[in-house]
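This report goes through a structure step by step, beginning with a sheet and ending with the surroundings of a ligand. Please keep the sequence and the coordinates at hand while reading.

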Amino acid sequence: MLKFRSFLKPYRFPMSIALLLMLIELAVELIHPLLMAKIIDEGILKEDLSVVMQWGGIMVGISLLAFASGMVNSFYAAHVSQSFGFDIRKQIFIKVQSFSFENLSRFPAASLITRMTNDITQLQNTLFMGLRIMLRSPLLIIGSIIMSFIVSPALAGIFVVVIPLIVLLLIWIMKRGSRYFKRVQSKLDKVNDVLRENLIGMRLVKAYVRRDHEGKRFSHATNSLRDSTVNALRMIETSMPILLFIMNIAILFILWNGHTHVINGSVQVGEVVAIVNYGFRVTSALSMFSFIVMFLSRSHASASRISEVLDIENDRQKYEDTYTFTEGNVVFDQVSFTYPGTNQVVLNDLSFTVNAGEMIAVMGGTGSGKSSLFQLLPRLYEVNSGKISIDNIAIDSMNLKNLRDQIGFVPQEAVLFSGTVKENIAWGNEHATFEEIIEAAKAAQIHETIEALPNKYETIIGQKGVNLSGGQKQRLSVARALVRKPKLLLLDDSTSALDVKTESKLLAALRCYSCTTLLITQKISTAQGAHKILLLEDGILIGEGSHDQLRKTSPLYEKIYHSQKMEELIDVQATN
Ligand SMILES: Nc1ncnc2c1ncn2[C@@H]1O[C@H](COP(=O)(O)OP(=O)(O)OP(=O)(O)O)[C@@H](O)[C@H]1O
């Protein structure tokens with residue numbers, strides 16, 4: 001928790017008030033036994049009703065003060081803890097947004113969700129408890145012991161032996177508890193993981209009739225979570241009776257010792273009652289410790305999980321140069337690339353040039369490195385060796401935002417957000433006018449489809465675009481890239497779900513945009529219209545040239561050409 005001190009800074013004032021009010025409650029609780037001793041010794045034993053009434057009235061008055069303090073303290077504790085959680089959540093969200101892909105791969109999505117929800121809630125609860133009772137319990141213990149010594153050092157001596165023993169035991173329980181609860185949180189990650197996969201892949205689960213299988217997977221994850229939680233709670237709950245037992249023995253000792261001192265006349269009955277009362281207060285504070293230790297262990301585990309995210313270093317920005325591309329020609333110079341944390345060379349010594357305004361098709365078998373090549377251009381990953389430049393400017397010397405602002409990237413899987421069609425297109429350029437949005441939609445061949453929707457551009461798209469076809473989603477993603485008016489357009493198999501006619505219209509419309517286009521495709525018919533085709537195999541550029549050139553120079557390209565021609569013929573015969 002101490003790591004999160006900076007998050008508490010803005011709330012120093014309300015926290016101070018909450019702590020002050022808590023101290024008032026505590027003081028009242030500590031004064032009570034003292035007053036009670038006075039009432040017994042000077043009122044009841046001397047049969048003086050006025051003393052009983054006088055001190056009794058004071059007891060009621062300060063009890064009311066403690067009640068009011070408790071109420072206001074709760075208000076401040078709730079305000080501070082909720083605001084504190086809100087601030088951390090916001091900070092983590094911003095942090096995750098700035099993550100490189102390498103950092104993202106260290107935290108599965110489900111784990112990040114658990115950290116941003118459940119783990120932060122643990123910290124919130126701990127802070128709330130901290131301002132309400134957590135500090136109060138140890139202070140009550142310390143205060144009770146001090147008061148006991150003030151009342152009668154002879155009777156209070158036993159606390160000197162018992163309390164250090166209890167403190168050692170508590171430290172041990174907390175250390176073990178933290179380990180147990182860290183395990184609980186990681187099991188919770190697993191449950192969220194299975195849940196997330198199932199909710200996202202619900203259609204697939206139904207189509208493959210895998211409900212039972214997924215049900216078993218979920219049961220396994222939740223059972224494991226239950227077992228870990230039970231183990232953690234059991235560990236803490238069984239330790240607490242030991243502490244209470246030690247305290248009860250101490251109280252018995254005070255009674256036995258008190259009896260001897262009362263007979264000697266060295267201690268009064270009211271003083272024995274007061275010390276026993278303080279003993280009971282220590283015992284009740286200790287029984288609260290089972291909750292406190294549980295909260296602290298849990299929040300310690302959660303705090304370290306949240307710190308893991310917050311402590312990640314941001315992407316290093318080497319230079320801050322900004323540059324506006326005027327041409328858009330791309331040069332790969334002996335580029336090699338390996339994904340962080342792996343040994344497989346995904347792109348090997350790649351060199352090629354794309355002239356400004358050209359359309360280049362990238363082809364190759366599955367896993368040949370096409371998507372990886374695309375991810376290097378907006379610097380989602382950094383190259384291991386070699387250089388990529390646009391307009392003769394090395395992209396690794398450019399400001400990241402400035403570079404990405406000039407690129408329209410359409411990933412392999414069309415990603416849409418819940419919101420209207422218009423908002424989804426404008427997501428690519430928040431300053432785009434409605435006319436520019438329509439222009440982009442027209443070029444992406446989706447305008448007519450949108451116009452046929454019930455609310456046209458204002459139609460709400462369901463989560464992940466569930467109410468759209470694959471081809472419609474792809475075209476919306478292309479429109480989103482075009483509305484940026486990019487200098488470099490990257491289409492990662494983004495026309496695969498389109499029929500030949502729509503695809504060729506879309507490609508023709510792209511020519512009106514003054515940008516360099518690189519498109520990954522599996523279809524010769526698509527590649528045919530490109531100025532140049534790059535053919536990849538196992539991360540190596542094995543062919544480069546126009547359709548006609550490659551047919552003559554690349555046996556692999558010729559083979560793909562013939563197999564696709566054959567498929568087309570079979571299709572035509574089948575339809576006839
Ligand atoms: N995030 C990643 N971490 C590690 N290795 C990866 C990652 N993404 C891809 N790879 C590996 O890099 C290689 C190239 O993958 P890439 O996605 O670039 O191929 P591709 O040609 O686009 O394939 P496809 O046509 O099937 O999409 C593959 O061997 C793949 O296993």
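## The open sheet

In this predicted model, an open sheet is built from four strands, which follow one another in the order β2-β1-β4-β5 with antiparallel pairing. The edge positions are taken by β2 (345-354) and β5 (393-394), and because each of these has a single partner strand, one side of each is left without a neighbour in the sheet.

At the β5 end, the partner is strand β4, spanning residues 385-390, and the two strands run antiparallel and are joined by two bridges. Across this pairing, Ile390 stands opposite Ile393, the latter belonging to β5.

## The shell around the ligand

Around the ligand lie Tyr339, Thr342, Val346, Gly364, Thr366, Gly367, Ser368, Gly369, Lys370, Ser371, Ser372 and Gln412. Helix α12, which covers residues 370-376, gives the most to this shell, contributing three residues.

How do the residues of the shell divide into nonpolar, polar and charged? Nine of them are polar, two are nonpolar and one is charged, with glycine counted among the polar residues in this division.

## The protein as a whole

The protein contains 21 helices together with 12 strands. Of its 576 residues, 35% are buried, where a residue is taken as buried if 20 or more other C-beta atoms lie within 10 Å of its own.

Among the contacts in the protein with a separation of 6 or more, 79% are accounted for by residues that stand 24 or more positions apart.

Key
Residues numbered from 1 in each chain as written. Predicted model: local features only at pLDDT ≥ 70, side-chain atom pairs only at ≥ 80, totals over all residues. Near = placed C-beta within 6 Å. Pairing = 2+ DSSP bridges. Buried ≥ 20, exposed ≤ 12 C-beta atoms within 10 Å, placed from the backbone. Contact = placed C-beta atoms within 7 Å.
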